[in-house]
Amino acid sequence: MARVASNPLSLPRFRPYFQVSDTALLFKSPSLSPYRTRKFQSIACQTNPLPTQTQPSDEGKVLAEPDSVDGSTSEATTSSVGGGFREFPNKNINRRIAIGSTLAAVGLFMSSRLDFGVSLKDLSAAAVPYEEALSNGKPTVVEFYADWCEVCRELAPDIYKVEQQYRDSVNFVMLNVDNTKWEQELDEFGVEGIPHFAFLDKDGNEEGNVVGRLPRKYLQENVDALARGEASVPHARVVGQYSSAESRKVHQVVDPRSHV
C-alpha cells in the first residue's frame, strides 16, 4: 500500500507492516525435508505505531523439534520393546540341564560300547571245552560259528548276556566250523547254516536247535528251560537268517584239544 503523505482532515496515519499470524498454515513440500516448514505472512495495518515498538517475531518459534520427537519416539519404542521380552531362565537351571544331558549321553555311549565290544574271540575264550561239557552233568548249549560269519558277530552281544545270566548252571560251548576236528559233530547235529545253536540236556541228548538271526528271547527261553531241567525247550526248530556252512574255510587242527 502507498503511504499517505498528507492528511488535511487529521485522519490517523497508516503504516504497513508485516506480521506472522499465530494461525499460520503449515504444509510439507515433497521436495523439502520432512521437518522443514513454510510460514505464510499476512499484511495488517496498525494505527500510529511507535517507532521503537516492535512486534515479537515468530521466526524463532519451532512448532515441532525433530530431535525431541525422535527422542520421545525412541524412548516409547524402547520401553514398549523392553517390556515385551520375558526374563531369561536361571543360568543354574541351564547348567544343570546341560550336565544331565552330557551324563546321559556318556552313559548311553558306554553301554553301547560294552554291548557291541563283545567279539566271537571273547566268547570262544570263555567257552567250556566240548568234552568237559559232556561229562560234568550240566545241560549244554553248543554254538557252531565261524569268524567270517556276519550273523555270528552280530549275535555275540546277545549270547554274552545270556551266558552271564546262566553260566553257573549251563555249559556254553563254541565250535568253529572251519576246524576239521568237528566234522563228525557237524554231521551229527546236521549243521548247514551258522550260527547253529544245539540245546543238550544234562545227559548230552539234543532237545532242539535254533539257526540264524533271531530275537534274543528264543535263545534265553531255551536256556532257561535247560537250567530248570525241563524235558523239552519251547523253541525246538526255529530258523532265521544265517550264513551257509558250505562257505567254511577248512583248516587243519594245530592243537587236537582245541575247540575253536
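This passage describes a five-stranded sheet, the helices packed on it and the aromatic pairs of the structure.

The model is predicted, and local features need pLDDT of at least 70, side-chain atom pairs count only at pLDDT 80 or more, and totals for chains, interfaces and linings use all residues. Residues are numbered from 1 along each chain as its sequence is written, and side-chain values use heavy atoms, with hydrogens and water left out.

Helices (H or I, at least four residues) and strands (E, at least two) are DSSP runs, numbered from the N terminus. Two strands pair if DSSP finds at least two bridges between them. Five strands form an open sheet in the order E4-E3-E6-E7-E8. Its pairing is mixed. Strand E4 (171-176) and strand E8 (237-239) are the edges, each pairing on one side only. On average, neighbouring strands are turned by 15° against each other, direction ignored. Axes are lines fitted to C-alpha atoms, for helices over the stretch in contact, and angles run from 0 to 180 degrees between N-to-C directions.

Within the sheet, strand E3 (residues 140-145) pairs with strand E6 (residues 196-200). The sense is antiparallel, over five bridges. Here Val 142 stands opposite Ala 198 in E6.

Two helices pack on the sheet, with contact meaning heavy atoms within 4.5 Å. Helix H5 (residues 150-166) touches E3, E4 and E6. The direction of H5 makes about 155° with that of E4. Helix H7 (residues 216-227) touches E3, E4, E6, strand E7 (206-211) and E8. The direction of H7 makes about 20° with that of E6.

The structure holds two aromatic pairs. Rings of Phe, Tyr and Trp (its six-membered ring) pair if their centres lie within 6.5 Å; planes under 30 degrees apart count as stacked, over 60 as edge-to-face and the rest as tilted. Tyr 130 and Trp 182 have ring centres 5.9 Å apart and planes at 80°, so this pair is edge-to-face. Tyr 130 lies in helix H4 (residues 130-135), and Trp 182 in the loop between E4 and helix H6 (183-188). The two are 52 residues apart, so the pair links distant parts of the chain. Buried means under 20% relative accessible area, exposed over 50%, partly exposed in between (1.4 Å probe, protein chains only). Tyr 130 is buried at 6%, and Trp 182 is buried at 2%.

The rings of Phe 144 and Phe 189 have centres 5.7 Å apart and planes at 55°, so that pair is tilted. Phe 144 belongs to strand E3, and Phe 189 to the loop between H6 and strand E5 (193-194). The pair therefore ties together parts 45 residues apart in sequence. Phe 144 is buried, with a relative accessible area of 0%. Phe 189 is also buried, at 9%.
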